[in-house]
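Trainee: I have a protein model open and I'd like to learn how to read it. Could we go through it feature by feature?

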Amino acid sequence: MKIVALTLTCLLLAVSQSPAQQWIKLAQKDGGAVSTLTANKFGDLYCTALNQVYRSVDQGQSWQKLKTPINDVLSVQVYATTDSNGIACLFAFGGGQLVRSTDDGQNWQPMNDLTDSLSQHKILAFFSCRYGDFLALATNGSGYELRRSRDNGISFEPIAQLSAPALNVFQSLDSTFFVIGATTQRVNADHSTTGVGTVNLTTCTQDFFGAPVAIWGIQNNQPIRSSNKGDTWKNYQYNMQEANNTLISIVGGRNGVAYAFWKTTSDSMHMYSLEAGSSSWNHVKDVAYTFHTIYAYTNGRLVAASDAGIFSSEEGIDFWTNTSSGISTYPLRAAAMSDNAIVIAGSNGVLSQSKTLGLDWSTANIPTTTSKVSVRDLIGTATGRILCASTAGLWFSTDLGLNYLSGQLNANPMTQEAYCVQEVAAHVAYAGTSVGLLRSDDEGLTWTLVDANAMVSSIYSSGDGRFLVAQANGVYAGDTSSAALSMLVPLSGAGKLSGTAQGDIFWAGYESNGGGYTVTLYRKKLNQTIEKITIPCSGTQNTFPVWVLGAAGAGAYVNTDLGVYYVNGSSTSADKMDIGDDLLSSMRSSDGITALAASEYGAVYKLDLTIGVQDDQQVQNASLQCSPQPTSGVLLIHAAQALHSVDLFDVHGKKCMTIDASQGAQELTFSTVALSNGVYTVAAHLESGVMVVKSIVVCH
């Protein structure tokens with residue numbers, strides 16, 4: 001398979017000085033790490049995942065994406081209120097900016113009046129309230145105060161002086177505020193404040209016992225309850241003992257039932273219920289994920305936000321269902337393919353696999369019991385094995401990424417932190433780890449230490465046994481025939497590495513510029529000096545992962561928190577690629593021919609690195625269209641020039657079919673019924689001698 005793929009590469013390179021190619025979206029995983037969950041008084045739910053806002057009008061069962069409130073930031077918070085006229089308003093806060101929407105998130109306006117009214121204060125946080133009030137936590141440098149707006153943020157009045165920033169603000173059914181912080185206070189209707197008899201209340205929630213209003217709180221990891229607005233509290237721990245876990249929330253349900261949610265040390269949850277009038281908690285369920293916000297409807301339905309998306313339950317007892325349909329911000333950190341099975345790693349460390357190009361996903365089994373593991377790198381080998389580098393070691397999968405085993409180092413599972421992994425020749429792989437550079441001659445089953453002093457952050461190989469590694473002081477060259485590494489390019493930093501078969505070397509990473517950061521691409525063409533190219537970024541998101549891909553004609557792709565950029569081989573300027581609002585969080589090629597990218601919004605993209613034509617004019621004149629995409633029956637190929645023939649290659653570079661065109665024809669059709677689901681490459685040979693290549697997706 002490698003021989004055929006390399007033959008195709010040579011054919012493509014022979015005609016190319018490549019402009020940027022199109023990124024093709026292969027798959028999408030619904031869900032996302034939901035950061036905020038809020039509701040207006042009508043029961044409409046709103047949540048945020050990264051910088052996207054979603055709305056649900058069916059109690060969290062499905063979600064509709066709203067217009068992005070603040071561009072060029074990675075995360076926002078949303079607050080839903082209802083003013084005195086019954087008009088629902090949304091507020092979104094992120095990157096130091098506050099915007100408001102009065103048309104349910106279709107349009108957003110900057111809150112300039114808020115800046116004026118709080119011009120002498122630094123705004124720290126915002127809170128929405130049940131009946132339209134909007135609260136801002138601010139500081140003037142000497143203390144903290146809570147300010148309230150009754151006119152949707154146009155003007156603010158101080159209502160409470162605080163000794164420390166508030167952790168949260170809770171409003172009970174009778175409009176009483178409870179400001180939860182270092183000292184929890186009750187804010188009365190006349191703006192006077194009263195202590196609630198405790199100094200370390202960590203959360204508050206309403207139950208539905210009726211009058212008088214009863215609220216639950218958590219103090220010293222124990223549930224407490226008050227029926228007189230916090231003047232006195234009663235401990236309700238009873239028989240519920242979770243000494244090693246953390247009580248994160250108590251939620252009131254229908255008919256006086258209270259639900260308690262405990263977070264375990266392994267990031268799972270234990271759930272209890274307490275019936276009205278009972279003095280015994282009932283352990284009702286264990287859940288494999290953690291909720292951080294839970295909203296209760298008076299009809300008993302519970303909706304919860306988590307790092308894996310939105311979950312809902314009719315009663316909170318029998319089972320919780322993932323109801324993230326419509327939310328597409330599942331942050332990915334890596335992607336790989338093997339025999340058309342797509343494998344992805346979420347930012348929460350969860351590995352998933354799809355054999356249907358993303359139509360459905362299966363959660364992979366990994367050799368660890370904690371969900372806190374982070375996947376650093378994924379790669380597919382020539383024989384279909386998946387190799388994984390994680391904070392919990394090196395893993396391999398022989399069943400298309402559904403189950404993983406630990407690689408062995410010195411006859412023990414390799415569980416030390418791994419940063420990167422790469423196949424460099426048939427069955428031979430190298431990995432950068434906390435114990436040094438490792439080598440495997442059996443595709444990740446066993447590993448041996450090659451160099452204990454080599455702290456490698458990235459590995460690139462064209463698959464011929466030679467490879468490059470990035471260390472903190474530069475780029476080194478290696479070969480499977482020797483254990484020695486030789487310095488090629490001196491650099492400073494732990495960036496990502498790539499290259500081309502022609503010997504071009506690329507390195508990209510963050511560099512400090514005093515108060516912020518820049519993303520820099522270093523390019524060294526064969527036998528030429530190093531070029532330093534600045535890639536646009538926000539300047540502050542230095543934790544966002546940056547990757548680089550080398551392409552035909554010494555071109556390079558670099559991703560930042562502002563998008564993915566292409567630098568032409570004959571230029572030092574960066575042009576932004578069009579992939580909508582998505583952000584690529586990893587870009588990886590296992591063979592130097594095809595690249596896969598994972599995105600912050602849960603998508604997987606494919607790019608052909610070796611496709612090119614002679615110049616930009618020929619790109620325009622030799623355009624190629626393939627439709628429909630994806631295709632399940634008949635594919636139409638239309639070229640801007642007369643076609644000679646069309647070749648079809650599978651994901652491994654193996655030719656599947658060749659179709660000759662009639663003289664002068666610009667269109668061809670062929671059936672894809674006999675093809676398996678997957679990604680294919682269409683290589684169209686024009687009568688002018690130019691070859692144009694596009695990727696297609698077949699999905700029956």
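Trainee: Let's start with one residue. Is Gln237 buried or exposed, and why?

Mentor: Keep in mind that this is a predicted model. For burial, you look at the relative accessible area, and under 20% counts as buried. Gln237 has 16%, so it is buried. You'll find Gln237 in the loop between strand 22 (234-235) and strand 23 (246-252).

Trainee: Which side chain does Gln237 touch through a polar contact?

Mentor: That of Gln222: a polar contact of 3.3 Å joins the two side chains.

Trainee: Let me try another one. Is Val435 buried, partly exposed or exposed, and why?

Mentor: Partly exposed is the class between 20% and 50%. Val435 has a relative accessible area of 26%, so it is partly exposed. Val435 lies in the loop between strand 43 (428-433) and strand 44 (436-440). Its C-alpha atom is 5.9 Å from that of Ala452, though the two are 17 residues apart along the chain.

Trainee: And Trp447, is that buried or exposed?

Mentor: Trp447 comes out at 4% relative accessibility, so it counts as buried. Trp447 belongs to strand 45 (residues 446-451). The C-alpha atoms of Trp447 and Ala429 are 9.0 Å apart, with their positions 18 residues apart along the chain.

Trainee: On to rings. How do I describe a pair of them?

Mentor: You give two things: the distance of the centres and the angle of the planes. In this model the count is 14 aromatic pairs. One of them is Trp23 with Tyr557, an edge-to-face pair with 5.7 Å from centre to centre and 90° between the planes.

Trainee: Where do Trp23 and Tyr557 sit along the chain?

Mentor: In distant parts, 534 residues apart. Trp23 is in the loop between helix 1 (2-13) and strand 1 (24-28), while Tyr557 is in strand 55 (residues 556-560). Both rings belong to buried residues. Tyr557 also pairs with Tyr566, and this pair is tilted, at 4.7 Å centre to centre and 50° between the planes. Tyr566 is buried too, like Tyr557.

Trainee: Which residues form an aromatic cluster?

Mentor: Trp216, Tyr236, Tyr238 and Trp281 form one.

Trainee: What about a charge over a ring: which lysines lie over the face of Tyr330 and of Trp547?

Mentor: Here you check how far the charge is from the ring centre and whether it lies over the face. Lys29 lies over the face of Tyr330, 5.0 Å from the ring centre. Lys496 does so over Trp547, at 4.2 Å from the ring centre.

Trainee: Now the empty spaces. How many cavities of 30 Å³ or more does a search of the whole structure find?

Mentor: There are 5. The largest cavity has a volume of about 100 Å³. Its lining has 13 residues, and those nearest its centre are Leu497, Ser498, Val548, Arg588 and Ser589. Strand 46 (458-461), strand 50 (496-499), strand 54 (548-550) and strand 58 (584-589) each give two or more residues to that lining. Sorted by class, you get 8 nonpolar, 3 polar and 2 charged residues.

Trainee: A pocket is open, as I understand it. How much space lies in the second largest pocket?

Mentor: About 1000 Å³. The second largest pocket is lined by 41 residues, with Ala288, Tyr289, Ala308, Asn348 and Val350 closest to its centre. By class, that lining has 13 nonpolar, 22 polar and 6 charged residues.

Trainee: Last topic, the backbone. Which peptide bonds around Pro628 and Pro630 are cis?

Mentor: For this you read omega. From Ser627 to Pro628 the peptide bond is cis, with omega near -5°. From Gln629 to Pro630 it is also cis, with omega near -10°. Pro628 is in the loop between strand 61 (624-627) and strand 62 (634-639), and Pro630 lies in the loop between strand 61 and strand 62 as well.

Trainee: And what is phi of Leu50?

Mentor: Near 55°, a positive value in a residue other than glycine. Leu50 is in the loop between strand 4 (45-49) and strand 5 (52-56). Glu443 has a positive phi too, near 60°, and is found in the loop between strand 44 and strand 45. With a relative accessible area of 7%, Glu443 is buried.

Definitions and conventions: Residues are numbered from 1 along each chain as its sequence is written. This is a predicted model: local features need pLDDT of at least 70, side-chain atom pairs count only at pLDDT 80 or more; totals for chains, interfaces and linings use all residues. Side-chain values use heavy atoms; hydrogens and water are left out. Rings of Phe, Tyr and Trp (its six-membered ring) pair if their centres lie within 6.5 Å; planes under 30 degrees apart count as stacked, over 60 as edge-to-face and the rest as tilted. Helices (H or I, at least four residues) and strands (E, at least two) are DSSP runs, numbered from the N terminus. Buried means under 20% relative accessible area, exposed over 50%, partly exposed in between (1.4 Å probe, protein chains only). A charge sits over a ring if NZ of Lys or CZ of Arg is within 6 Å of the ring centre and within 35 degrees of the ring normal. On a 1 Å grid over the protein atoms alone, a cavity is a set of points where a 1.4 Å probe fits but cannot get out, and a pocket is an open set with protein on both sides within 12 Å along at least five of seven lines; lining residues have an atom within 4 Å of a point. Grid points are joined across faces, edges and corners, and a volume is the space filled by probe spheres set on the points. Ala, Val, Leu, Ile, Met, Phe, Trp, Tyr, Cys and Pro count as nonpolar, Asp, Glu, Lys and Arg as charged, and the others, Gly among them, as polar. A polar contact is a pair of N or O atoms within 3.5 Å; within protein, one must be able to donate a hydrogen and the other to accept it, and residues adjacent in sequence count only if both atoms are side-chain atoms.
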